[in-house]
Structures are given as C-alpha cells and as structure tokens.
Amino acid sequence: MPDPTPAAQALRPPSIDSLLRAEAGQALVAVHGHAATVAALRAAVAVRRARGASDATSLLADAAARLDARAAPMLKRVFNLTGTVLHTNLGRAILSEAAIGHASMAMREACNLEFDIGGGGRGERDTLVEQLLAELTGAEAATVVNNNAAAVLLMLAALAEGREIVVSRGELVEIGGAFRIPDVMRAAQARLVEVGTTNRTHARDYARAIGTGTAALMKVHASNYRVVGFTSSVSEAEVARIAHGAGLPLLVDLGAGSLVDLRSHGLPHEPVVREIIAAGADLVTFSGDKLLGGPQAGIIVGRRDLVELLRRHPLKRALRVSKIILAALEGTLLAYRRPDRLARELPTLRWLTRPRDEIRAQAQALVPRVAAALGDGWSVTTADVASQVGSGSLPGEAVPSVALAIAPGSGSAAALDRLVAGLRAAPVPVIGRVADDRLLLDLRCLTDADGLVAQFARLEIAP
Ligand SMILES: *Cc1c(COP(=O)(O)O)cnc(C)c1O
C-alpha cells in the first residue's frame, strides 16, 4: 500500500492508546478511571471524525467535557414556568425552609425516629407527627406512608381484603401515573361494587348495595375532572350516615386534601380534611406533596381502632416513610400552627396566592432584559395567562397570572422549536409551554429572575 497522502493523514485520528498515554489522557484516567476514559475518548473520536476535527488536543478536550457531564447528577434544578404550581413531572410541592432544615438535621444526625425519649424505650415513628395531624384535622389518630396511592392501597388491603367496597360510578378516577381506583381495589384484593351512574348517584344507590360482604363505603374526590350538567352526588355526611346505620365505616380518598380553607386565602374552595372528618368519615387519605405543601407522603387520619389495624398490616412496614420524609413533614405541619404566617412560609401557598399585579411588575421588568439577551429578531412581550394549581387540585379553577411571551420575528415554527429546545438544554433548564405560536413562561413560581436571564444570555439561537 502506498503511503497515505498528507490530507488523508490529517483525517486519521490518533489512536485511543496514544491519547491515553498523553499527559491530559493520564489526568483523565486518574480522575475518572480507565474504562470511563476509554469510552469517552471513543465517543469523542466518533463524533469528531465526522466533523474532520480530530487532533489530539480537541479530542482530549471533548472527552474531558463528556466525563465532566457524566459526573454531574441527572436530577437537577429547573425553572418551573409552566404555570402549574404543583407539577407532578417537576416534583410537585417545593418545601418550606423549616421543612428543609428539619430534614437536613435528620440526614446529618442521629435522631429519635423510633425512640421514646421520655420513657427510654422503643417508640413508634408515626407518633412524631400523629399529635400534629390529629390537632390539624380533628381526627383521633394518624399514620403516614409513601404516597396517597399507598395510603389507599393499605386502607383497602387492611379493611376490605376479600370483601366489598361500595363506590359511586362518578368517582372511579384515574390519576396520572396509572393510579386507577378499580386497579387499586384489585391490588388490595377488595371487590369493587359500583353504584349509581357516571353523572348521578343517589343515597338509595349506596343503601341498596350494602350486603353481608360489604366492608365499607368509599368516597373518592374527583380531583382532576368535573362532572357538570345534570349531576347529583351524595355528600360525605350523608354517605357516612348510611354507612354507620349499617355498622360500616366510610373511607374517603381526598386526593389533595387541604388542611386550611383556601377561601380564606382568596382561592377557590377545596375540601378541607377537618370538614370531612367532621362530616363523619372514619378514615381520610390525602397527599403530602399536593396542597399541603410538604414532601411526598400519604397521610391517613381517622378512627384510632382503624388506624391501629392499618399499622399492624404487613403492607404498612413495606410502605412506611423514612426519617427524612417524617422530618420534612413535621417541619411542614408545624407551619400550620401559625396560620398568620402560613402563606409566607409555604412556597406552594405563597405562589398560589401571589397577586397578579406583582407577577406583572416582574414580567415587565424582565421583558427588556430577556429581549437584550436574545438579541435581534425575537419578540418579547407580556401576556395575561391562567396558572393551574395542578396535581388534581382545584380542577377547572385557574389563577390569573402573567407570562413572558416569546416568539421569533420570522414566525418560523422551527425557530420556536429551537428556542424551546435551547432553553431545555440550558444549565438550569427553563420549562414553559407553547401556545399560539409563542413560548409562554408563566412567572408565578419565579423567584430567581437573575438566574433566568442568565439562561437566556447563554443561548445562541437564530430567530
Ligand atoms: C393525587 C391523587 C391520588 C394519588 O396520590 P399520590 O400522592 O400521587 O400517590 C390518589 N387519589 C386521588 C383522588 C388523588 O387526587
């Protein structure tokens, strides 16, 4: 074979071995190990050869960048500018500083998770928050598991295994992420007895369905939809009367379950756990990371004898929460003892109640900064929008808000796509929503305005 021409030589990349022997290659091996460095070098060679830039220096720099990126965590901070305050895909509730501090303590130090400091003996982890939950809901007892789906599963498995649960057809909900009431019933080995119709269920429907195999009546909060028009459902108080008349308990899956009446904060009404307990529910389950504004958890409150049955069920041990979650939950719940400060302390409530005028002022101040960072050819304005609470809270209710509306001057759909993708690829990804050929960034949950502008300043995208 004749010698390769100089041009062909320039295109042939250095061997992986020679790159590994180079000083920079040795440094990468020392930090990241041999196998990862070889993989990064191979990837760099493959990409750079296609581009014709395959000198040793640029290959080693490319590999170093790949290895650094690999060392960075996959889970990272993002800007939630979707307008959905409790966004399940973006981690739902943001915790209060008190909750974060308390959880940090539990991570850093030994703590009395299951230790009775007073008596010196073994304790029960639920007691850490049981008193608070009882006080805040009016219930006798409480227990905590991994999430509300787990709470419903445990409740049904402990109280209705092999027996029947009566539920209205209008309440057979599916929540995102494959939580469907009929499927949970099956998993708990309880038999679902559907009563009424999709739009109308009457008291007599519940009464007629009760038989010797009935374990309980159940109400499920229609959290992510609404039945409107010719409708009728039976209140918790009335279903409780029917259940108790037959010597049965009423179980309620409340979903978001607020601990305070949101109307006192200028928001639409959402069922309050205390009201449902007062109406006669024997057990109520709800999420810790929805309207409560705490960590992911499933909270069950109600009659002490029933809570004890749940505690003794083997599933409780499998579904229990960690000390980190219990600490975060206690830190969150303590804020509810100070109702005057609640909306300041809990980010969820703070954002939900943030006045539109304040958001508008923030948007107006950001328009020139974002426009300057993007450069010519982009239109940046403000737009009146509606925020959602999210996570199945207050369905159909929207909270007035203001967004930055960004569109390419060219009107090109491809340019808009590039902007959306570029913001997703930013060091702190910016997540908004596209509507009417523009990107809407709802500022309701924005606290770090400078940080947001910095993400735009790094973009280089043609309009
Ligand atoms: C959200 C919701 C659930 C599931 O709660 P997770 O905490 O997400 O497990 C169950 N039931 C209802 C009615 C809900 O709204």
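**Exercise 1. Which residues of E3 lie on one side and which on the other, and are they buried or exposed?**

Before solving it, a word on the model. It is predicted, with local features needing pLDDT of at least 70 and side-chain atom pairs counting only at pLDDT 80 or more, while totals for chains, interfaces and linings use all residues. Residues are numbered from 1 along each chain as its sequence is written, and side-chain values use heavy atoms, with hydrogens and water left out.

*Solution.*
- Step 1: locate the strand. E3 covers 164-168; strands (E, at least two residues) and helices (H or I, at least four) are DSSP runs, numbered from the N terminus.
- Step 2: recall the rule. In a regular strand the side chains alternate between the two faces of the sheet.
- Step 3: sort the residues. Glu164, Val166 and Ser168 lie on one side, Ile165 and Val167 on the other, and all are buried. Buried means under 20% relative accessible area, exposed over 50%, and partly exposed in between (1.4 Å probe, protein chains only).
- Step 4: conclude. Five of the five residues are buried, so E3 is largely enclosed by the rest of the structure.

**Exercise 2. Place E3 in its sheet and find its partners.**

*Solution.*
- Step 1: write the strand order. The open sheet has seven strands in the order E2-E10-E9-E8-E7-E3-E6, with mixed pairing. Two strands pair if DSSP finds at least two bridges between them.
- Step 2: mark the edges. Strand E2 (141-145) and strand E6 (191-195) each pair on one side only.
- Step 3: add the twist. Neighbouring strands are turned by 25 degrees against each other on average, direction ignored. Axes here are lines fitted to C-alpha atoms, for helices over the stretch in contact, and angles run from 0 to 180 degrees between N-to-C directions.
- Step 4: take the E6 side of E3. Five bridges join E3 and E6 in the parallel sense, and Val167 stands opposite Glu194.
- Step 5: take the E7 side. Here E3 runs parallel to E7 with four bridges, and Ile165 faces Ala216.
- Step 6: move along to E8 (residues 250-255) and E9 (residues 283-287), a parallel pair with four bridges. Asp253 has Thr285 in E9 as its bridge partner.

**Exercise 3. Describe how H8 sits on this sheet.**

*Solution.*
- Step 1: list its strand contacts. Helix H8 (residues 148-160) touches E2, E3, E7, E8, E9 and E10, and its direction makes about 155 degrees with that of E9. Contact means heavy atoms within 4.5 Å.
- Step 2: check its length. The 13 residues reach 17 Å from first C-alpha to last, close to the 18 Å expected; the expected span is 1.5 Å times one less than the number of residues.
- Step 3: check its burial. Ten of the 13 residues are buried, among them Val152, Leu156 and Ala160.
- Step 4: look past its end. H8 is followed by Gly162, whose phi is positive, near 75 degrees.

**Exercise 4. Which residues have the most contacts inside the largest nonpolar core?**

*Solution.*
- Step 1: define the set. A nonpolar core joins buried Ala, Val, Leu, Ile, Met, Phe, Trp, Tyr and Cys residues through side-chain atoms within 4.5 Å.
- Step 2: read off the answer. Val284, Val301 and Leu333 have the most contacts inside this core of 56 residues.
- Step 3: assign it to domains. The core draws at least three residues from each of domain 2 (79-87 + 351-457) and domain 3 (97-345); the bounds come from an automatic or database domain assignment.
- Step 4: add the other core. A second, separate core of 32 residues includes Ala157, Ala190, Ala216 and Val220.

**Exercise 5. Consider Gln189 and Asp437: what are their phi values, and are they buried or exposed?**

*Solution.*
- Step 1: recall the background. Most residues other than glycine have a negative phi.
- Step 2: take Gln189, in the loop between helix H9 (181-187) and E6. Its phi is positive, near 60 degrees, and at 54% relative accessibility Gln189 counts as exposed.
- Step 3: take Asp437, in the loop between strand E14 (433-435) and strand E15 (438-442). Its phi is also positive, near 60 degrees, and at 65% relative accessibility Asp437 counts as exposed.
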